[in-house]
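Trainee: Please take one part of this model and go through it closely. I would like the packing in its interior, with the residues named.

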Amino acid sequence: MATGSAMSKSVELRNRRPKPENRLPGNRFGGTRLGLQSRRSLWGMLFALPALLLVVLLLVLPALQALYYSFTSWDGTDAQWIGLQNYTNGLFANPDFRRILLNNAIIIASVPLEVAVALAVSYLLMMRRRSRPFFRAVFFLPVALSWVVIGLTFGYLFSSRGAVNTLLDNIGLSALSSDWLAGDWTSLAALILAFSWSYLGINVVLLSTGLATVDPSVIEAARLDGAGGLGMLRLVILPQIRRYVELALIVTMSAAITQIFGLIYTMTAGGPGRSTTTLEYALYQTSFAQGNFGQGAALGIVLFVVSLAVTALRIRSGVAARD
Amino acid sequence: MTDTVSLAPLRSAGPPARGSTGPWQRIFSGFGLAVLVLLALVTVAPIAYMLTTSLHSTDTAGSSWTLEQWGVLFQQPELLRAIGNSAMLCVLAIIVQSVVGALAGFAFGILRFPGSQVVLSLLIVMMLIPLQTYIIPEFVNVGRLGLVGNVPMTALIYAGTQMPFAVFILTNFFRSLPDELLESAVIDGASYPRAFISVLLPLARPALITLGVLTFIGVWNDLLVALLFLPDGDTHTVGVLLATVNSTRTFDINQVMATSLASAIPCFAVFLTFQRYLVTGLTAGIGK
């Protein structure tokens, strides 16, 4: 290729495209092409600049600050370097923190079950052509509600004189009724239930999209070979929609650990005690209720590591799938 | 596409498959329907509860239906102001995100300056950092600038923190366009900004709608950022107003449920209108 050495680098970067500059007028005159190319690069840098500025100022800078302040006692103005104390004394030696980690682990562990239910629903819907739009719309209804609204509603539903207890009384199961949100584990279970209730619709839509990509002729062939019901799902369909199942798992897990602040705030306020406090809620409480910003920053770093671990699962399985 | 090809075997195989439906398959199908109906009931029940609660008042609890709660809804100045604030935040965040994100998507996806793909990778990696990790320094920084309680600043925070995702979606979109679009516009004498605005930007409409829908829902339903950055009564959003209602003296479950449902109406409307864009956004990055 008759490109000057100065050009080869930028051509390389654009190697996924055909080389359209070969078709430009003035192609034979290196100077003209170089001028055009560098003008293009200049505009590119200029156009990328606003986005980069916003991200550096509003994301990268505060993230680096968070890392630094997590090693300090910081109250918003004064910061003393205290090494790892926020992590050692403040977190891992603290029973409250262990409970918070346990809550996060339980919430994450419940996600595969939620996705399995959504997968079952999507699979059942796939075979029901006529009623499918109706059911999909129904399951998607809660998705439009904010976590604040869901938290308020489920807070009422599970309160001591709420609808859940009324229902249990009416069907003769008064023995089962309890003050759900006052119990250590019942409150966590109620929170997870509220979360799953809202996320079913998103997962059904995600997995239905995946199921729609499955080649119908493969299903027919398997059916003629005698596959049906669960066997069909496990052996024929699941391998083909693996990426969608993984996406559903990641999306739901990330939401469960980083996006339900509004739900916890309105439904249980993290209580009773620490029984429904997750990392993201503890971070808010520690920083803004107790004014311990340094400790809060350390919680933020732990949250980052946990969510990175969840995402890394996907990257790993993505690499494995490509092999 | 190959629709006709792939559907043909399905159609021809349909009748024999139905004929071979055994008793087990019929039981499975009936059981499946029962599961679907049960789950649908569980899904609808809390919403039905909200609706019936909002249609009663504390004076007439359990006895008679009333539209009282919905009637007084729009006579509350705080609620109207909160709706205004939420709408303003959504509009500003969407505008900033679309303009800045589309420019960057064009730069990374089509113009591609030296080193752009490295910068892009770094930008996309930022998607892995949860908002909560850096929200405290962000809050202190914005506080130092005296901009806590400022609606445009808060919209900028929404747009900025979601920018890596926006650039990711838009870059992928612009990459899928043929390079000839830009080249021919430039040969015809258009400048790069001109070519961007009149040739490429109009084509990006679906990607921009997807982003706009996701941002609208995210901002409208957010609590954390609004709670921290808009703490004053006159800048409260709908979410903050509802979330702090428990601690106010005018606490009335029927009224709260009416407000809750009303606050979700814009989202229901957006969902119904833009359903397919939402699916595109949810599965972004999977089908490449």
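**The core and a helix pair**

Mentor: Chain A is divided into domain 1 (36-69) and domain 2 (110-277), bounds that come from an automatic or database domain assignment. Their centres, taken over C-alpha atoms, are separated by 38 Å. This is a predicted model, in which local features need pLDDT of at least 70 and side-chain atom pairs pLDDT 80 or more, while totals for chains, interfaces and linings use all residues. Residues are numbered from 1 along each chain as written, with chains lettered from A and ligands numbered from 1 in the order written.

The largest nonpolar core (buried Ala, Val, Leu, Ile, Met, Phe, Trp, Tyr and Cys joined through C-beta atoms within 7 Å; buried means 20 or more other C-beta atoms within 10 Å) has 163 residues. A:Ala248, B:Phe106 and B:Leu223 have the most contacts inside this core. Its largest share, 16 residues, comes from helix α4 (residues 77-111) of chain B, helices being DSSP runs of H or I with at least four residues.

B:Leu223 touches residues of both chains (C-beta atoms within 7 Å), among them A:Trp147, A:Phe261 and A:Tyr265, together with B:Gly239, B:Val240 and B:Ala243.

Helix α4(B) also packs on helix α7 (residues 151-161) of chain B, with axes 8 Å apart at an angle of about 50°; the axes are fitted to C-alpha atoms over the stretch in contact, and angles run from 0 to 180 degrees between N-to-C directions. α4(B) is therefore oblique to α7(B), being neither under 35, over 145 nor within 65 to 115 degrees. Contact residues include B:Met88, B:Leu92 and B:Val96 of α4(B) and B:Val151, B:Ala155 and B:Tyr158 of α7(B).

Conventions:
Buried ≥ 20, exposed ≤ 12 C-beta atoms within 10 Å, placed from the backbone. Helix = DSSP H or I, 4+ residues; strand = E, 2+ residues; numbered from the N terminus. Contact = placed C-beta atoms within 7 Å. Lists of a residue's contacts leave out its neighbours within four places in sequence.
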